[in-house]
Structures are given as structure tokens and as C-alpha cells.
Amino acid sequence: MDINIAINPSERSALMHLYLTRLRPLMIESALFADGTPFYRQYYKKESGYEARLRFRTAKDNVLAVAVEKEGVSFPMKKVKTDKLFDYYEVRLMCTSGEHYHFRVTDGIKDVIYNKRGPMPEVQEYYSFTLVPEFTTPDWAKGAVFYQIFPDRFCNGNPDNDVVDGEYIYIKQRVEQVKDWAERPQAMDVARFYGGDLQGIWSKLDYLQDLGVDVIYLNPIFVSPSNHKYDIQDYDYVDPHFGVVIEDGGESLKEWEHENTLASKYIRRVTDKRNLEASNEYFAALVEEIHRRGMRIVLDGVFNHCGSFNKWLDRERIYEDQEGYEKGAYIAQDSPYHSFFKFKEGSQWPYNEEYDGWWGHNTLPKLNYEESEQLEEYILRIGKKWVSEPYNVDGWRLDVAADLGYSSEYNHRFWKKFRRAVKEAKPDALILAEHYGDPASWLQGDEWDTVMNYDAFMEPVTWFLTGLEKHSDEYRDDLLGNHISFRDAMSHHMSRFHYESLFVSMNELSNHDHSRFLTRTNRRVGRIATAPEGAADEGINKAVMRSAVIIQMTWPGAPTVYYGDEAGVCGFTDPDSRRTYPWGHEDIELVNFHRDVIHIHKQHEVFRFGSFKYLYGERNVISYGRFSENSRAAVIINNHDFDTEVTVPVWEIGACDGSSFQVMFQSGRRGYVCPDHAEKVQVKDGRITVTMPAESAVILLQ
């Protein structure tokens, strides 16, 4: 007896679909990829707005369909290209700035959502891609090698402009001229001066150029009474102590004198327009020379607060009787600068001390933008002035930028105005901000270009390689070598950047506010005021330092060397991290290492513009790739204190079986090498296997 089973057309279609999908391998999620680099996302200006061309990568013949989901609407993608390993899908769609999107991939059995963090089981808008067609950052800054200089501690080129003993009083201390360049900072160090200046920087341009520096970033150089100069006294002029003192004279304070109104030498140096104009002219000539050498320069802008010495406030009465200066707001209630500061209601003049200080510090008066249109216009003019003729600097680093103003609403409004002002004066100027925490709301294309990359670089690298927090204030054994924490922290925080911001982000290991990375390699908690003398220099591990620098030079962003890091300078957090550059006593091997790895970074464009993919991790081991259409690089870090064999799935960055990677750079406990006859590592089954010595790093290129 025959039995006939009726199958309607829709059921037949479903069965056939199931049959076909069973023949196709399950979706290989590690093959899925898209990012914001030009290969995967490109914008085109149209009469009616912007068109976005989006691409997405899957394993070859591995999925049924890919779509872009934008603001609740699905746009199917079409397969446009296939190579040995991957299929590439594409769609073009009209877009406006700020629209969010993600990809939906299906293999007929399951759907996967792909966003900035990679494959996800469901939609998470927090990690969605964002379309920002009008947001561009300077190409010169993408992957550029920055070199940060704290001017007082870099090089003394002109002893005639040095601060002298007792020249004035700062925070109840007589300022001190440190005579021994090699002397270490003290716990209270802001009033001690070593004499570094702009002429010293000029004298070392050959060194910086040979090192491979693209951009010099200077801590503040404007007139200021401290050695760090984050308490600006006059935004219009370079400090003559860094520049040129033409009109000198007057006297320092006597031992029994404690009022800066008597500091006639200081007053003449910093208020005489001949000194100020000459210092500005010298700086303009320095910038011209830097540009002539093919380098650029970025200045530090301190616009949230000024200093109590500032001519607008004049708490120290430096300007009170000087010709050509208006009365400061501390001096007189009818000062033209009264609205620049917030005074306590009912407080009295003259000499009104009841003003608002940043974090309560009366030496750092907070600027009162909301109540002073004149102040806002002044600072916007300053922003334009220094990127324009005759100075032509290439951008601003903005100090405590999220703190400016008294409200979040005003803060964002001001930075929008600042961006417009600076970019109108110099369209390719860089605007990067100091910021801790999520920067996304400032990085939408109309405020900052990028940030100092603490969360998505300095912090995760420090925890993974040293187990220490960036101030050397805390040690955590659970984070030392924790590859999962490293991967997740990097992935999460990098997702807060657009491509344009990430690739110009300032990737530092050390700076003036934190401990030196080389000191962190000793895994010792400490500060200069509490640790035994020499503790910051003891037990350091240069092999771990080299691994960190290799990450720095191969990670997306702008690698930034803090002066002296390349020479072996140690130090706990500020002020110990502000030691002088050890001219004549450098760690030559470490200098050469930096020069060579910077050369690798600059020689291969994949490290400046290439896509990034995390490839592999285990305890104390990480590996990641950088890749473009024509180039691939793999980096492996072994932070174990023993040798280990590491297998890395390089097929994920496009490496095919039968091809090979060349070992371009290796570092370990015994030093580092750039092999003349590069060792080759063969790709087999989509992977390479490398034996990694203890505390080592390797860069492989294809």
C-alpha cells in the first residue's frame, strides 16, 4: 500500500532551505568583520546630503545574508567581492550625522548582530556604529609619533633666562634655581626650576628628528609662576623664562621680604612688553624651524582655570602699577575683568580673596565663562591666535577639558565654538583633550578631535604588563597578565571612539601626571614622599618596558613618547615623573630600541591606517593583528617569566596557507634585534606557531 503525504509549497520551500543550510558550515563568527576604516566605510557628498558605502566581511560561502540595520530600517547587502578566505558584502545608503547602525548576519540557523565590539547575540545600541560623514581629523596626526616635552626639565639652552633664587614667592615658597641638572625632584617641587627652555628644545631638534618624532607636544609655555605652568599668568605671551629676556634688572626678594610687589626682577621680566614680544618672536622662529624639518608642534591650552598671578585677577599685585595693564579683578571691583571670575556675594574690595578656585585651590581661579561673553571671546581669540600667523602651531591639547564651565550644557556649547574658531583659522589643526572616562559625547565631530587615551590604552596596557595602576598607587595581582580583562577593557573603551578619533588618539605609557612606565615594571606601590630613596629605580624590568613600547607602536592611534622614557628615566608619579632628561647619561640601548621600533612603525602604513583585530589570548599572552588590503601584521606579547609556544589564527587577518610572515622585530630579556635576514614563519591551517622567550614581544609582517 502506497502512502502519499501532501506537502504544500511553503513547507517544501522550508524543507529545501533547511537542507541547503545543513550543507553549509555553521557561521564562523571569528571571520565576521567591519570597522570605520576607509575600506569598510566611505562617505560621498551628494546634492541631497551624504551617501555611505558600507562593507562587511564573512567567511567564504558561509552565510545566507547580511544586512545593515539603521535606525530601525533594514538594508540588505550584496556580495561584491570574494577572495580565498572571505566574502565581502556592500550597500550604499543615504545618511545623516549621528545615525546608529549595526550589521545582522544569518546562516539560516541563527542570526548574529555585529557592532563595534564584534559578534553579539542581540542588539546592544551602546556599541552600535555611528555615521559621522562630516567628521574628519587631520591625516598627518593618524599614527603620528608624538614626543611630549615638559620644557623646564628637557634641556637648558640659555642660562640667561633662568629663574634665580628668590626671584619671587610662589605658594609661600621662595622660588629656587636648581644648580645640579641631575638632582631629583622634591615632594613639593612646583617652585623649583632647572632652567629648561625653548632654546634647549631647538638645540635638540636633530636628536628628535633622528629618533623619528613627527610631532612635538609641549606642556604649557605661556607666562606662569610655576615650573609646570598650568596656572597661566598671560595667555598672549610665551614666558620669557622659556624665551628671551632682553630687559633684565631689578632685584630678587631679600630673605625677609615676602611680598611679590617687591619682586622687581620678576615683574620686569614678565610684564615688560619687550621681553614678551621677543619671546613670542623666538617661539615663532622655533615653530618655523620645526616645520622646515617636516615635524609639527602642539601646544597645551589651560582654559578651565588660570593662575592667581594672572593679569586678569592679579592677586599677587604684579601688574597693579605697571603701565599698559588694567586693574585686576582682585584689585578693584570695577576691573574690566570682574566678570571673568565668580566672587562670593557680599565680599569686599580692594584685594578681594573670595573668588572661586578650581577644586578649591585659590592659586587656580576658575574662569567664569557663563557670566562673561568677553572672557569667552578672549579665549576663542587665543585659540585662533596661536594656530595662525606668525606662530602657526598645529593644534591644541586641552587641559581638564571636561571641567570647563559650570555646566555640561555650557561645556559642550563652548567646545563647539572653540572647534569652529580653531578650524576656521587652521582647518588641519588637531584638537585633543585630556579626559578620564567616556569621551563619546565630545567626539561626535563638532567638538574635540580626540583625547589622551587613558582608558583604551595606558590603563589596560599597564595593568596587563605590570599589575600596577598608572600612578603606582595600587597593585593588583588579578589584573597582571589577565588577557581577558585586557581584551574586554580595550574592546569596550575603543568602542567609544569613531575611527577618526581613535586613529589620532594619544597613546601614552607615561606623562607628567603619572608614574614613569619603567618604574611601574618593578610592580612596587609608592610615591616620592613615602617611598625610600631610590625605590622608583630599583627592580625595573626593561624587557617589559620594551614589550609596552612595541604595543604602543603597533596599536591604533598616535604613539606618544614622554621625554626621557626612551632614555631610561624612572620616577614615581608627579612630581617624580618630571625628572630631567639625562643628557650624556642616557640608556643608549633603550634610545636605539625606540629609534628602531619607531622606524618599523613609520615604515609600514598598516600601523598608521590599518584595521585592528584581537587574535588570541591566554594568561600573560596576547596577540593581535593590523591589516589592510595589501598588508598584514601580527604582534605577539609573552609576559610570562618563562618561554612558551603561541599559536595565532592569522587567517582572521587574511593570511592564507602557504604564505609566510617575516619576523621584523624581536625583544626579550637579552635585548632586541631587527633581523638582517628575517626569519620566516609559515602559515599552516590558517595559523602560525611561534616560540616566545620569557618577557618577549615580536612583530611579524606579511
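## S611, a tucked-away serine

Let's start with one residue: S611 has a relative accessible area of 4%, so it falls under the 20% cut-off and counts as buried. Keep in mind that this is a predicted model.

In secondary-structure terms, S611 belongs to strand β25, which runs over residues 611–618.

## Who S611 meets

Leaving aside residues up to four places away in sequence, S611 touches F33, D35, T37 and Y40, along with G625, R626 and F627. With D35 there's also a polar contact, side chain to side chain, at 2.7 Å.

How far is S611 from R546 in space? The C-alpha atoms of the two are 23 Å apart, with their positions 65 residues apart in sequence.

## Zooming out to the whole chain

The protein chain carries 14 helices and 33 strands. Its radius of gyration is 28 Å, and the globule rule gives 27 Å for 702 residues, so the chain is as compact as a globular protein of that length. Along the principal axes, the C-alpha atoms fill a box of roughly 120 × 60 × 45 Å.

As for contacts, take those between residues at least 6 apart in sequence: 70% of them join residues at least 24 apart.

## Burial, surface and charge

S611 has company in being buried: 61% of the 702 residues count as such. The accessible surface of the protein chain adds up to about 27,800 Å², and carbon and sulfur atoms account for 48% of that.

On the charge side, there are 81 positive and 110 negative side chains in the protein chain. The centres of these two sets lie 5 Å apart.

Notes: Residues numbered from 1 in each chain as written. Predicted model: local features only at pLDDT ≥ 70, side-chain atom pairs only at ≥ 80, totals over all residues. Heavy atoms only, no water. Helix = DSSP H or I, 4+ residues; strand = E, 2+ residues; numbered from the N terminus. Rg over C-alpha atoms; globule rule 2.2 N^0.38 Å. Buried < 20%, exposed > 50% of the residue type's maximum accessible area, 1.4 Å probe, protein only. Contact = heavy atoms within 4.5 Å. Areas by Shrake-Rupley, 256 points an atom, 1.4 Å probe, with all protein chains shown as cover. Lys, Arg positive; Asp, Glu negative; His and termini not counted. Charge placed at Lys NZ, Arg CZ, Asp CG, Glu CD. Polar contact = N/O pair within 3.5 Å; in protein donor to acceptor, adjacent residues only side chain to side chain.
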